[in-house]
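Here is a walk through one model, from a few single residues out to the whole chain. Have the structure open as you read.

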Amino acid sequence: MADGDNVSTFSADGGQDTVGLPRIVMVTEGDDTSASSASSTSSSEDNWGDLIKSSEIPPEYWHIQKLVKYMKAGNQTATMVALSCLKDHDLTVEVNQRAIQEIGGLELLVNLLETRDLCCIVGGLAVLKDITPNMEIRKKVTDLGAIPLLVGLLSDPARDVQILAAETIANLGKIRKSRKFCRKFGGLPKLIDLLDIKEKCLIAPREELTQDELQFLDIARAGAKALWSMSSSQRNREAMRKYGMIPLIARMLKTIHLDVAIPAVGLLQMCANETSFQLAIQTEKMVEDLIRHLANEDKDLKTYCSLAIFKCANDPITRDMIREAGALEFLVEAAQDSTNRPNKPLLAAVTGALWKCANSDASVRKLDTLGAVPILVRLLDDENDGVLTNVAGALAECAKYPPNRNKIRSSGGIPMLIHHLNNTYKPLLENVPLVLMECAKEQNCMYEIDNLDGVRLVWSLLKNDSKKVQTNAALALSPCVQNAADSGEMVRSFVGALELTVDLLDSDDHNVLSAVCAAIATIAKDNENLAVISDHGVVGKLSKLVSTTDDHLRANLGVAIAYCCDWAQNRQEFGKRGAITPLVNYMTSRDSNVHRATALALYHLSFYSVNCVTMHAAGVVQFLLETIGSKDPILQEASAGCLCNIRKLALATEKVKLKQ
């Protein structure tokens with residue numbers, strides 16, 4: 001812009017939109033096509049009115065508006081001076097941000113990005129960088145067309161322009177429209193290019209770097225920060241992978257500089273939702289660098305490292321790498337540190353990482369040597385639902401190792417777990433029954449669960465509208481009923497419990513059905529309870545399920561049918577409802593659990609002669625002759641028993657024919 005020219009303003013769509021005050025943003029992992037993640041908290045008029053009523057408008061407000069007016073009406077020099085003066089104010093204060101917005105300063109600042117004067121561009125970017133953390137200003141600046149201009153400035157030869165443009169994009173990228181525009185206008189490959197710096201800049205102390213190398217380091221930091229913001233979109237994450245970001249981010253993780261490590265790890269943990277990035281974390285050997293940063297005292301960095309581990313540890317290979325790199329020690333130490341209790345994001349990330357890492361025998365044994373169980377139990381009194389959910393998940397995994405069940409009990413965990421059954425947070429209600437399911441296998445733990453009325457509370461979760469909660473509650477019922485001192489009487493004492501259980505057989509969710517069948521198989525071992533559920537129509541409901549092709553459901557359904565045969569005319573009823581032939585077809589499955597359950601069901605059904613005829617006609621003998629040689633004693637015995645009953649019927653029929 002030549003000296004003496006006026007700086008014109010730019011208005012999107014020919015006018016100034018009416019906008020509200022900042023909104024609270026919940027960043028999701030959804031795609032750009034999803035609904036906006038922002039939810040309005042109040043109107044701009046109400047908030048601004050409260051501000052005026054609560055205190056007088058500070059003089060800075062009017063001073064800032066005068067500076068913006070000078071920028072509008074003045075020449076190049078006046079604009080530069082006004083920008084410099086503007087930077088002297090604290091632009092992170094909402095009143096000052098509002099002063100710029102109210103007088104049309106946002107349009108002017110966006111327009112400055114199109115000028116050819118470097119000083120004006122730098123000054124405009126510096127102001128935009130400071131005010132765009134404000135949610136409403138982000139929206140307005142995006143609507144004014146700032147993203148394409150900022151993307152263009154990423155290629156500017158001036159490094160300070162690149163840094164400021166990337167940092168401004170990082171702020172704007174916290175809204176969906178900006179992320180979409182950045183991808184649409186080619187911003188992602190340009191941001192990825194900013195990460196491409198020499199490894200020396202990353203691993204050498206700042207005092208050993210030249211001025212140019214320091215600038216390159218700042219460019220990479222700003223680029224990582226912007227990409228981190230952009231990675232909230234699944235489409236953007238996929239585009240980043242295609243543009244070759246993975247090797248560059250792997251190199252950046254080697255940095256010793258905290259301000260670079262935080263956005264680099266933050267970006268990685270956002271992308272770790274994608275399978276391709278999870279694989280890259282293995283192949284690019286990022287785990288060791290993640291664990292090194294996990295040992296850092298910085299809370300934010302520790303949080304992002306823990307989140308990355310949480311998302312990657314589902315993969316067994318990565319989980320082993322994480323354990324071997326020494327992550328469990330750092331995670332347990334962070335969970336034990338009382339100074340971390342107020343920091344709920346960190347505590348949730350750490351306990352979540354422990355939960356996922358515990359999903360293997362080797363990790364559970366390692367956690368056992370580190371004394372993790374009592375530490376986790378102490379966290380059960382936390383007030384944060386996210387932390388509680390992760391703690392319960394970790395304890396459920398640890399409790400699969402029998403010695404840990406008594407550790408949970410002796411640490412006072414069972415009363416707290418049962419207390420949380422009254423919670424309404426569904427993810428927590430999914431995990432707590434799983435801990436009690438494992439603990440119920442230990443006699444002392446089961447005694448305490450029973451005394452604290454835990455079984456009734458678990459049973460009541462079957463009424464929850466979450467399928468996952470229903471499934472896990474039903475799974476927990478089986479060991480609770482099986483190991484209770486007087487299980488038959490206990491179950492009958494719960495009014496409506498058996499009817500509720502049978503009614504769940506009408507569910508359309510296979511996991512719920514499978515878990516309920518397992519519970520029914522245990523309940524049916526008591527004759528009085530079997531009589532009650534038979535009156536509630538359990539035979540008809542089980543018979544309707546035999547056509548399923550889900551092997552997991554087949555296995556539990558077979559056992560449920562087996563134990564429900566032992567009352568009155570139930571086995572005859574199964575035969576009349578056509579359950580025999582589909583059951584025989586189960587023997588074609590490759591799942592040994594299905595074979596065992598099916599053989600058990602057929603054995604119990606074969607005590608009714610008509611059922612034997614149906615089985616024989618369906619070709620069951622060939623299958624039973626194969627399974628009778630199994631190394632599984634239950635399968636072997638059930639197959640032999642069924643063949644024996646079929647053979648007895650055949651012999652009896654021959655005798656009748658001979659007499660005739």
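Which residues does Ile219 touch, not counting those up to four places away in sequence? They are Arg159, Gln162, Ile163 and Leu194, where contact means heavy atoms within 4.5 Å.

Before going further, a word on the ground rules. This is a predicted model, so local features need pLDDT of at least 70 and side-chain atom pairs count only at pLDDT 80 or more, while totals for chains, interfaces and linings use all residues. Residues are numbered from 1 along each chain as its sequence is written, and side-chain values use heavy atoms, with hydrogens and water left out.

Back to Ile219, which sits in helix H13 (residues 211-230). Helices here are DSSP runs of H or I with at least four residues, strands are runs of E with at least two, and both are numbered from the N terminus. Ile219 counts as buried at 4% relative accessibility. Buried means under 20% relative accessible area, exposed over 50%, and partly exposed in between, with a 1.4 Å probe and protein chains only. Asp160 is 59 residues away along the chain from Ile219, with 8.1 Å between their C-alpha atoms.

Ala562 belongs to helix H37 (residues 551-564) and is buried, with a relative accessible area of 0%. Leaving out residues up to four places away in sequence, Ala562 touches Leu600, Ala601 and His604. Leu500 is 62 residues from Ala562 in sequence and 21 Å from it in space, C-alpha to C-alpha.

Now for the loops. Asp381 is in the one between helix H24 (372-378) and helix H25 (385-398). With neighbours within four places in sequence set aside, Asp381 is in contact with Arg341 and Met416. Between Asp381 and Asp259 there are 34 Å, C-alpha to C-alpha, for a sequence separation of 122 residues.

Two other loop residues have an unusual backbone angle for their type: most residues other than glycine have a negative phi. Lys285 and Asp453 are set out below.

| Residue | Phi | Loop between | Relative accessibility |
|---|---|---|---|
| Lys285 | about 55° | helix H17 (275-283) and helix H18 (287-294) | 62%, exposed |
| Asp453 | about 65° | helix H29 (443-451) and helix H30 (454-460) | 29%, partly exposed |

As for annotation, an unreviewed UniProt entry lists residues 145-172, 371-413 and 496-538 as "repeat: ARM". UniProt positions follow the numbering used here, feature names are shortened, and annotations may be inferred rather than shown by experiment. In the model, residues 145-172 are 79% helix and 0% strand, with end C-alpha atoms 12 Å apart. Residues 371-413 are 70% helix and 0% strand, and their end C-alpha atoms lie 15 Å apart.

Zooming out, the protein chain has 43 helices and 2 strands. Its radius of gyration (over C-alpha atoms) is 33 Å, well over the 26 Å that the globule rule gives for 660 residues, so the chain is more spread out than a compact globule. That rule is 2.2 Å times the number of residues to the power 0.38. Along its principal axes, the C-alpha trace spans about 125 × 55 × 50 Å. Of the 660 residues, 53% count as buried. Among contacts with a separation of 6 or more, 75% come from residues 24 or more positions apart.
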